[in-house]
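This report goes through a structure in sections, from single loop residues to the contact between chains. Please keep the sequence and the 3D view at hand while reading.

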Amino acid sequence: MSLFGGLRVSASALSMERLRMNVIAENIANAETTRTAAGGPYRRKEVVVTQAPGDPRGGDGGVQAAGVVQDQSPPRLQYDPSHPDANANGYVAMPNLDVPLEMVDLMSATRAYELNASAFAAQKQSQERILELLA
Amino acid sequence: LGYVTDVTSAALQTALTGQAARQRACAENLANVDTPGYTPHRIVFEEQLRAALDAGSRESDAESVRAVRPLATTDSPGPLRRDGNGVDVEQEMVNLSESQLQYAALTKLLAHKYQMLKSVATEGAGR
């Protein structure tokens, strides 16, 4: 086990939570987007979180994002006949996301980020102490 | 050379290694707080260290004390959440803080021991 391995574990979680926050921000920003390059309304994106493979000698480990996937649930239909993207029946296909739910996920990601920042600081303090033995 | 490789130094080293492994395990459990199906792990070494110390307190036992390695176990009470993740954030933070304090105490003791050796080596003029 390397002296700074634990710091990298916490750092991997910081990057992953940052990615989650970015993806959630993108979802919220596109909550009303009815037209995308791929056609149709914006689809909600989600980060797939997996445990990072640990080296048998006690290498990095930690957490990683296996990818960002699109939520395949159907778009939300909203009645708005004056909308340029309304269909023949007057319904507009809106993104399949719910802003309050995204806000809850954002808070969860923020708290997890803070948690891992604390874990990072705690380990850093211990390592500083052992390095003081050299003084 | 028994002053540097004695049982006290060995016990301090083993405990420091164990606490470092524990902090890493806490970091890993906290990093995976949102990983579905993740089972947290804990580090145990105190009982083995105690047993090695109780086996005798002569210089020759320093090796058996130093040979104690931190072991990773998973003794969680099972998944606590619907996504199968068993990480208890509060428990991990408590373990991490406790380990941090233990580590600080062990480092102080080791520094003190080295200071004593230095004092002896320089006939008390090393300060």
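Where in chain B is the place of B:V33? B:V33 is in the loop between helix 1 and strand 1 of chain B. The model described here is a predicted one.

## The loop between helix 1 and strand 1 of chain B

B:V33 has a relative accessibility of 6% and counts as buried, because the cut-off for buried is under 20%. Leaving out residues up to four places away in sequence, B:V33 touches B:R81, B:N85, B:V87 and B:V89, and also A:A112 of chain A. One of these, B:V87, is 54 residues from B:V33 in sequence, yet the two C-alpha atoms are 5.9 Å apart.

B:H41 also lies in the loop between helix 1 and strand 1 of chain B. Its relative accessibility is 17%, so B:H41 counts as buried. With residues up to four places away in sequence again left out, the residues that B:H41 touches are B:A25, B:E28, B:N29, B:A72, B:T73 and B:T74.

## Salt bridges within chain B

B:E28, one of the residues touched by B:H41, has a salt bridge of its own. Its side chain meets that of B:R24, with 3.7 Å from N to O. The two residues are 4 residues apart in helix 1 of chain B, which means a separation of about one helical turn. In an α-helix there are 3.6 residues a turn, so residues three or four places apart point the same way. Both partners count as buried: B:E28 has 11% relative accessibility, and B:R24 has 7%.

A second pair is found in helix 3 (residues 62–66) of chain B, where B:E63 and B:R66 lie 3 residues apart, about one turn of the helix. The closest N and O atoms of this salt bridge are 3.3 Å apart. Is B:E63 buried or exposed? B:E63 counts as exposed, at 56% relative accessibility.

## Helix 4 of chain B

Helix 4 of chain B runs over residues 89–121 and has 33 residues. At 1.5 Å a residue the helix should span 48 Å, and its end C-alpha atoms are 47 Å apart, so the two values agree. Just after the helix, B:E123 takes a positive phi of about 55°.

The buried residues of helix 4 include B:L96, B:L106 and B:L110, along with polar or charged ones such as B:E92, B:N95, B:Q100 and B:K113. B:Y103, B:A104 and B:T107 are also among them. What covers these buried residues? The cover includes helix 1 (7–31) and strand 1 (42–44) of chain B, together with helix 2 (99–132) of chain A.

## Contact between the chains

How many residues of chain B are in contact with chain A? There are 24 residues of chain B in contact with 30 residues of chain A. The size of an interface is often given as the accessible area lost when the parts come together. Chain B and chain A bury about 2200 Å² between them, and 64% of this is on carbon and sulfur atoms. On the chain B side, B:R24, B:A31 and B:D34 lose the most area to chain A, together 27% of what that side buries.

The count of salt bridges between the two chains is 1. B:D34 forms a salt bridge with A:R20, and the closest N and O atoms are 2.6 Å apart.

## Salt bridges and surface of chain A

Over all chains the structure holds 16 salt bridges. In chain A, the side chains of A:R35 and A:D85 meet at 3.1 Å, N to O. This pair links distant parts of the chain, 50 residues apart: A:R35 is in the loop between helix 1 (5–29) and strand 1 (45–51), and A:D85 is in the loop between strand 3 (76–79) and strand 4. A:R35 is exposed, with a relative accessible area of 57%, whereas A:D85 is partly exposed at 27%. A:R44, A:E46, A:D71, A:E102 and A:D105 are linked in a network of salt bridges.

Chain A also has a nonpolar surface patch of about 350 Å², made by A:L77, A:Y79 and A:Y91. A:Y91 is found in strand 4 (residues 91–94) of chain A. Its relative accessible area is 36%, so A:Y91 is partly exposed.

Conventions. Residues are numbered from 1 along each chain as its sequence is written. Chains are lettered from A and ligands numbered from 1 in the order in which they are written. This is a predicted model: local features need pLDDT of at least 70, side-chain atom pairs count only at pLDDT 80 or more; totals for chains, interfaces and linings use all residues. Side-chain values use heavy atoms; hydrogens and water are left out. Patches are made of residues with over 30% relative accessible area and no salt bridge: like charges are joined within 9 Å, nonpolar side chains (Val, Leu, Ile, Met, Phe, Trp, Tyr) within 5 Å. Accessible areas come from the Shrake-Rupley method with a 1.4 Å probe; for residues, only the protein chains shown count as cover. A salt bridge is a side-chain nitrogen of Lys or Arg within 4 Å of a carboxyl oxygen of Asp or Glu. Buried means under 20% relative accessible area, exposed over 50%, partly exposed in between (1.4 Å probe, protein chains only). The expected span of a helix is 1.5 Å times one less than its number of residues. Contact means heavy atoms within 4.5 Å. Buried area is the accessible area (1.4 Å probe) that two parts lose on being put together, summed over both.
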